[in-house]
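The exercises below ask for a careful reading of one two-chain model, and each is followed by a solution that proceeds step by step. Please look at the sequence and the structure before turning to the solutions.

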Amino acid sequence: MVIDIRNLTTYYDSQKVLDDISFKIRKNRITSVIGPSGCGKTTLLMTLSGLVNKVPHFSMQGEIEYRKKTFTKDNLGELIGRTGFVFQQPLAFPLSIEKNMIFATKYAGIEKSERERIAVEKLKEVNLWEEVKDNLKMKASRLSGGQQQRLCIARALTMYPDVLLLDEPCSALDVKNTAIIEKMLVELKKDYTIIVVTHNLSQAKRISDEIVFVNEGKIVESGTCAGIFNDPVEQETKDYLSGNFG
Amino acid sequence: MKYRRMLQSHNYVRILSTVAFLMVATVISMIFLLVFIKAGNNLNLSFFLEKPSGFPIGSEGGVFPAIVGSLAFTLIASVSASILALIVALYLEFYCSNERFGEAIRVTIGVIAGIPSIILGLFGYSFLVVYLGFGISLLSGGLVLGLMIFPYIEIKFERIFRDVNEMYKISTYALGVNTGYYIVHIILPVAWRNMVSTISLASSLAMGATAPILLTGAVFYAKAPKSIFSPAMALPLHLYNLVGENISIENAFATAGVLLILLVALNLITWSFSYSGEGR
């Protein structure tokens, strides 16, 4: 177990977004959080990354245990940067590929040669090295959407997080690039614990080991991928999976 | 039917845009034509390089000290206003967590923008010239001009920073990076071209202003300034004197021509600088 979420309730102003959520994330698994739009999936991911601390009017109750340390509303900000976070839009920084890759390690004060070694290592992990090794000085914005998303994943890995959080990482990509990212995520899970927020049920079925189904801020059901998709217990889950809502 | 209506409205917009462009282009062309025709042969190289002479002074010679003075006033104004505007805009956009305090600062900046420039000049005279003892000098005049263009630069800077994709910010935070690092490595490299254009436009405004330097830095006649504590001539005031004292209308138009040439040159240099290399 890498992350243990206990009785997590979150608010934006007085509006409740997540409602008393508790579940565990297991090591070196891909856990997909599924659910209809606006159910709180992204808020959950943002809370696990600590980034909600930067959002005005956010508040929370409950606690998150990560690497044997407990985080509450008082120290949630300390979570920022401990996990890798990849956003929906492939958004390379307006810098060269190389500068994207050393962005965080340079800030962390890591030596130049070590920064370069990490950059190459992570580009190889996301299967991007062969495609960009001769053009590292090129503007990252000139890469294709799929390549930019892999660059973003590689960039997130440069700080050696053991958990990678991805918010609908393929929603802006075509079928070919989606397949590349999915294959890469399955390869990455041997080294990282991966949490993916997705509304794409087929994708969740293809890549996930565990599924958490969230609706209206509550966990309706969670379990193994096969269990949830083949034999859901709750009627709400059955309705969602069969496309009756969402 | 709906499509035809859309097409018609599109054509109206196109016609209105063309008319607006033609009106602006006509007015600008008329200004330039009038100035350069009236200046006639007086606007030549020696007019740029010589100091004013004759009796009354300015009836002969050129405007070299006024060119140097105007450029120096503009430089001091641009540097002081840009530094202050950068600090304030960065604070308001990235660090100010108290919304009411931020709004109070913005309202104050709006008020400064609305103060008549002659009142800014009067303030500069009382505070910089007399109280701080800077005297009638380039520094006093430049700082008052800086105060005049500061609101324009600050408001534009804020808008430029806001236009940078917000997702960059959250993406950099996700990497554990702080706001200062984000500003230096993402915001400024993305925004600097627009910032330079803004400073250039504001500098043009400063170069043509008369009232703020009338009481603080500009004088009827002086040699090219040797330090920031020297008083200096300025093109707009020189022009005003040539016309107001009925010294030489031709030289007044020639002075206006010099001012226009400097403004166009300033804008062209900034434009080529801002849009060179990677383009927009």
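## Exercise 1: the architecture of chain B

Chain B holds 11 helices and 2 strands, where helices (H or I, at least four residues) and strands (E, at least two) are DSSP runs numbered from the N terminus. The model is a predicted one, in which local features need pLDDT of at least 70 and side-chain atom pairs count only at pLDDT 80 or more, while totals for chains, interfaces and linings use all residues. Residues are numbered from 1 along each chain as its sequence is written, and chains are lettered from A and ligands numbered from 1 in the order in which they are written.

Task: describe the order of the elements in chain B, its extent and its burial.

Solution. Step one is the order, which from the N terminus on reads α-α-β-β-α-α-α-α-α-α-α-α-α. Step two is the extent: along its principal axes, the C-alpha trace of chain B spans about 70 × 60 × 35 Å. Step three is burial, and 36% of the 280 residues of chain B count as buried (20 or more other C-beta atoms within 10 Å of a residue's own; exposed means 12 or fewer, partly exposed in between, with C-beta atoms placed from the backbone). Step four concerns contacts, meaning pairs whose C-beta atoms, placed from the backbone, lie within 7 Å: among those in chain B between residues at least 6 apart in sequence, 74% join residues at least 24 apart.

## Exercise 2: a glycine and a kinked helix

Task: determine whether B:Gly69 is buried or exposed, and locate the kink in helix 6 of chain B.

Solution. B:Gly69 belongs to helix 3 (residues 64-95) of chain B, and it counts as buried because it has 29 C-beta neighbours inside 10 Å. Leaving aside neighbours within four places in sequence, the contacts of B:Gly69 are B:Ala218, B:Pro225, B:Ala232, B:Met233 and B:Ala234. B:Val219 lies 150 residues from B:Gly69 in sequence, yet the C-alpha to C-alpha distance is 9.9 Å.

Turning to helix 6 (residues 138-163) of chain B, its 26 residues reach 36 Å from first C-alpha to last, close to the 38 Å expected at 1.5 Å a residue; the expected span is 1.5 Å times one less than the number of residues. The kink, of about 40°, lies at B:Ile149, shortly before the proline B:Pro151, the bend being the angle between axes fitted to the seven residues ending there and the seven starting there. Helix 6 of chain B is mostly covered, with 20 of its 26 residues buried.

## Exercise 3: the mixed sheet of chain A

Task: work out which strands stand at the edges of the sheet with mixed pairing in chain A, and how strand 3 of chain A is paired and covered.

Solution. The open sheet has 6 strands in the order 6-7-8-3-9-10, with mixed pairing, two strands being paired if DSSP finds at least two bridges between them. Its edges are strand 6 (84-86) and strand 10 (218-224) of chain A, each of which pairs on one side only.

Strand 3 (residues 30-34) of chain A pairs in the parallel sense with strand 8 (residues 193-197) of chain A over 4 bridges, and A:Ser32 stands opposite A:Val196. Strand 3 of chain A also pairs in the parallel sense with strand 9 (residues 210-215) of chain A over 4 bridges, where A:Ile34 faces A:Phe213. Since 5 of the 5 residues of strand 3 of chain A are buried, the strand is largely enclosed by the rest of the structure. Both of its faces are covered, with A:Ile30, A:Ser32 and A:Ile34 on one side and A:Thr31 and A:Val33 on the other.

Strand 9 and strand 10 of chain A, by contrast, pair in the antiparallel sense over 6 bridges, with A:Glu210 opposite A:Thr224.

## Exercise 4: the contact between the chains

Task: state how many residues each chain gives to the contact, and which classes occur on the side of chain A.

Solution. Chain A gives 15 residues and chain B gives 14 residues. On the side of chain A that touches chain B, the largest share, 3 residues, comes from helix 3 (residues 103-107) of chain A. By class, that side has 11 nonpolar, 3 polar and 1 charged residues, where Ala, Val, Leu, Ile, Met, Phe, Trp, Tyr, Cys and Pro count as nonpolar, Asp, Glu, Lys and Arg as charged, and the others, Gly among them, as polar.

Technical notes: Contact = placed C-beta atoms within 7 Å.
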